[in-house]
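Dear colleague,

Please find below the structure that I am handing over to you. After it, I set out what was found.

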Amino acid sequence: MKAQRIIAAAMAGAMAAGLTACGSGSSTQTTTTGAAATTKAAANTTTAAASGTTGDNGAIRVAWWGSQGRNNSTIEALDAYAAKNNVTFSYEYNSWSSYFETLATQSVGNDLPDILQMSTTDIINYSKNGQVIDLQKYVDDGAIDISKIGKDALSGDYVNGALAGITTGVNTVTVAYNPDIFEQAGVAVPDDTNWTFSEFCSLAEEIYNKTGIPTEIPFITEARWFVESLVRSYGVDLFSSDGNSLPWADDSKVSAGVAKAMDQVYKEIQAGVFVDPEVMLGWSATEDSYIATGKSAMSYMLSNYVGQYSKVLGKDLGMLMLPKADDGTTSGMYTNSNMYWCISSNCKDPEAAAKVINYLINDEDAAKLILTDRGISLNSDIRDMLAKDDSVSSSDKATLEYVNKVNSVVKGVNPPDPANSAEAIKVLKDDYQAVCYGEANGTDCMDDFISQAASILPQK
Amino acid sequence: MGNRSSNTAGNGRGLSKNARNNLLGYFFIGPWLIMFLAFTVVPFFASLVLSFCDYNMLSAPTFVGWDNYVKLFTEDRLFTKSLLITLKFVFISIPLRLIFALIVAMILNRDSKMVPIYRVVYYLPSILGGSVAVSVLWRYVFAKEGVFNQFLNLIGIPCNISWISNKDTALWCIILLFIWQFGSPMLIFLAGLKQIPKTYYEAASIDGAGKVVTFFRITLPLLSPIFFFNLVMQMIGGFMVFSQAMIITDGGPLNNTMVYALYLYKQAFGYYKMGYGCAMAWILMIIIGFFTLLVFKSSSAWVFYENQISEGNGKKKRKRGGKKA
Amino acid sequence: MSRKARKIWGTVLFHVIICLIGIIMIYPLIWMFFSSFKESSKVMTTVGQLIPDKWDIQNYINGWAGFGGTTFATFFKNSFIVTILSVIGNIIASAMAAYGFTRIRFKGRNFFFICMIITMMVPSQVLVVPQYLIFHGLGWVNTFLPLIVPEWGGRAFFIFMIMQFMAGIPKDLDEAAEIDGCGKIKLFTNIILPLIVPALATSAIFGFYWKWDDFMGSLLYLNSPDKYTVSIALKLFSDPTSVTDYGAMFAMCVLSLLPVIILFLFTQKYIVEGIATQGLKG
């Protein structure tokens, strides 16, 4: 039969494939490495072709994570730029939870987008491994204008001496409070320039005793922000400037001070003054939290969240600076880069990309679209403009004002987190939650964090 | 029931028959084999090689020997913890999920106008997967002031723990979510039940066998290949459980729901330790392989194949066991 | 009479219980459906309330608009292309491989069967980087090919499942057919395939849903928004650092579930009306 012959031919083809299969199966090690090498080589040769498909005719690929609002405003701002400047963009927006997974994988194929939005925890890895370029050159030649930003404010952008990215905007930490509940309890808004954690606790107690309204546990899901503010109130940074150690690890005064604050937290939880940790960890959305529903008096949070919580509450939350440790010597406040704009090392025209970044951070029209979505701009002109702009909400204006106030207390912006810090921070978070659950005390927590951090942080 | 011996096929017909069979065999598994060789084999062994490397994905891997494995077993507290949590998860949720799936499949295996609708309804939870709606509602139901506690209070059991973030009960919320999504094994059971020839049931009812006897004598044995499949696949899936834990608790509280795959993911992509993640993956593979082998080995005792006696299948089984052992 | 009455009562009780449990089972879906008609800012503040105060389709309009001019029409189109092309190839290849593994004794069969089972045991997270390199080397990144082509080899899950169903088909059938002069290929297409329709239908449902819902693959290989699938687009609504438009997200979630539900409704009869009963009186 004819059919049989055709099938036989097809089978022969399949068999041939099968035989090659047996070959590679039996000598796996060599073949694998061989194949990997070929793939790498192939990857190199096809890079141009691949990029060609992604960004048509030299379009600049811009990647960020965000929500619908950010996606739309960023695209609108960049489209406006493209219309004026004879460039084209291709946008690669993603959700936060998967953004860095994609970037890491793309970096393996030398296929990173040209302009990257980068987080404070991840930038170190990309800079250290040469995946993002030093932008100093483009600042020096004027492609990126920092005259309105100031060299001090850029302190948060350097990784091992290289300008790894440009801060999109800063944020800071705050104790958000509900003014209505303060009024109801008949307590005055405290002077936050020099207050201590014990004073914060007594204030929470007072409000609780008078109204039965509790206060949220300081940063139960991000212990790092809490501990950092306490540590810094002793005049030391959380991580050493080389990123290899905790500079305060041998200073028993600091760790004892933090441990004491943590024990106080547990005591207040037991007393009902702080919200039950089980309840707090059960929240998933802004709308669940007590501070956004008027069921708690105060809450530690990042300044860029205040607007969002105020919106749900339907009333602007007040903002206080974080209290220092009881025997701390200075304010523990600090500002952070909210995120960065970086240029990847496989960008073919970094000069053009640098100009785009310049537009995003310095242009007033762009700022009017993006507003405070990526943090409070470092550009003083833009800050002034936003403070007067009608499209900026009152809570965003309050945040702006608050960041200005914090800036007058602290100098410069925190450097990016050191390598491996994500894992160390996770240890701290777990230990702190163990304290809140009564599984450990403050001293256990700090001892464990110090010893774990010593082995997690790079030893060089 | 197909017990007739059939060893006439094959052996006596000479080489050409074997060659023909080889050709035919590779023709049929050809598409799978090509894709397997093209897209699975290399990544598979690459991950083994990477497990002996320090690899952050952003720069080239460096060979570190057994370091990753040594570190896993000596320094990493969370590794042991996540492994134990995963074992607990598998041994509790898989039997329950299978039993539940089988019961519902049997119930829905009847003829009635409404039954097709019911099948959709009971399958639907599975297609909600890891969506946000599930995560929101699960938290809402099992929160301190959630629906579940309100229900308990209503029936006179005072309870005010937050199930989802209590360190002892959080894992149970995830187990429950996993069981709730029993649609896929149910569907497979349903298809399996439908494949059982009605004549067997007719014969049984003529013999006067009751429902229980019929179930154990006919349904279970004839369904056993399907049950075997579901057991193996659900077990493998259970060991790799990931999205349920990620969307509901993200490993918390106090890492009490940090299942193995979630921890692996965090190491590989969160901390840029792909080499370490690969080492974890290979350890997991050995563990899953061990349990799968147990199930395969035990299967000759309880899995009934219609063509069991036929020599081909028997040989295949013996070989399968022999090679692994 | 009493027996008949008991039977009726039994049936009623059956339906009542099944319905009650059924409502619990799909409550999240019902909730999501109703929430998608609530005012977006109210979705999370009125979790306990099922029926919206005011029915509003604004969420569907906002959601459908997508991001920066790329609407959900694009995302749905992409999802359909990827899903349909991969499911068809997947089922054909899976059925073929299953037949090869169960019914043909060839050299290397056991070896490859074990290979297949083992590949299911490796968490996919550690395979993505090498796989990406391969697709990158082929120049397939930012095309649908990496999502579709590997599926044409079938999935181990389906192959193994169909094998188990084939194991229930008496071998006598093969012999009878062979004696009648029917070759292995004809035996497969004319006799075995019709007998495993329930398994194929099950594979189709799972294959469709898994591909439709697949996020990791789509995410890594599709860079530009005009190639995004629905599963990626749904994740683009939420961001931990800004307000999530839950209303729009749920509205699009509801729409994204429709194809899966419709497919299930149409396919399930092939699962339950198996042709298996005929010709199986071995």
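Why is helix α7 (residues 170-180) of chain B largely enclosed by the rest of the structure? The model is a predicted one, and in it eight of the eleven residues of this helix are buried, so the helix is largely enclosed by its surroundings. The buried residues are A170(B), L171(B), C173(B), I174(B), I175(B), L176(B), L177(B) and F178(B). The cover over these buried residues of α7(B) includes three other helices of chain B, namely α3 (77-107), α5 (132-141) and α11 (243-248).

I turn next to the place where chains B and C meet. Here 85 residues of chain B are in contact with 81 residues of chain C. On the side of chain B that touches chain C, the most residues come from helix α1 (residues 15-50) of chain B, which gives 20. Sorted by class, that side of chain B consists of 57 nonpolar, 19 polar and nine charged residues.

Helix α1 of chain B also appears in the largest nonpolar core. This core has 333 residues, and the members that touch the most others are I159(C) and I162(C). The most residues in this core come from α1(B), with 15. If the neighbours within four places in sequence are left aside, I162(C) is in contact with S94(C), A95(C), A98(C), I196(C), A199(C) and S203(C).

Chain A deserves a separate description. Its secondary structure comes to 18 helices and nine strands. Of its 460 residues, 53% are buried. Among the contacts in chain A with a separation of 6 or more, 77% join residues 24 or more positions apart.

The domain assignment divides chain A into domain 1 (56-168 + 338-409) and domain 2 (172-335 + 415-456). Taken over C-alpha atoms, the centres of domain 1 and domain 2 of chain A are 29 Å apart. Their contact involves 23 residues from domain 1 of chain A and 21 residues from domain 2 of chain A. On the domain 1 side, α5 (123-128), β4 (158-159) and α16 (394-409) of chain A each supply at least two residues. The most come from α16(A), which gives ten residues to that side. By class, the side of domain 1 that touches domain 2 in chain A has nine nonpolar, twelve polar and two charged residues.

When you open the model, I suggest that you begin with α7(B) and the helices that cover its buried residues, among them α3 of chain B.

Yours sincerely

Conventions. Residues numbered from 1 in each chain as written. Chains lettered and ligands numbered in written order. Predicted model: local features only at pLDDT ≥ 70, side-chain atom pairs only at ≥ 80, totals over all residues. Contact = placed C-beta atoms within 7 Å. Helix = DSSP H or I, 4+ residues; strand = E, 2+ residues; numbered from the N terminus. Nonpolar A, V, L, I, M, F, W, Y, C, P; charged D, E, K, R; others polar. Core = buried A, V, L, I, M, F, W, Y, C linked by C-beta atoms within 7 Å. Buried ≥ 20, exposed ≤ 12 C-beta atoms within 10 Å, placed from the backbone. Domains from an automatic or database assignment.
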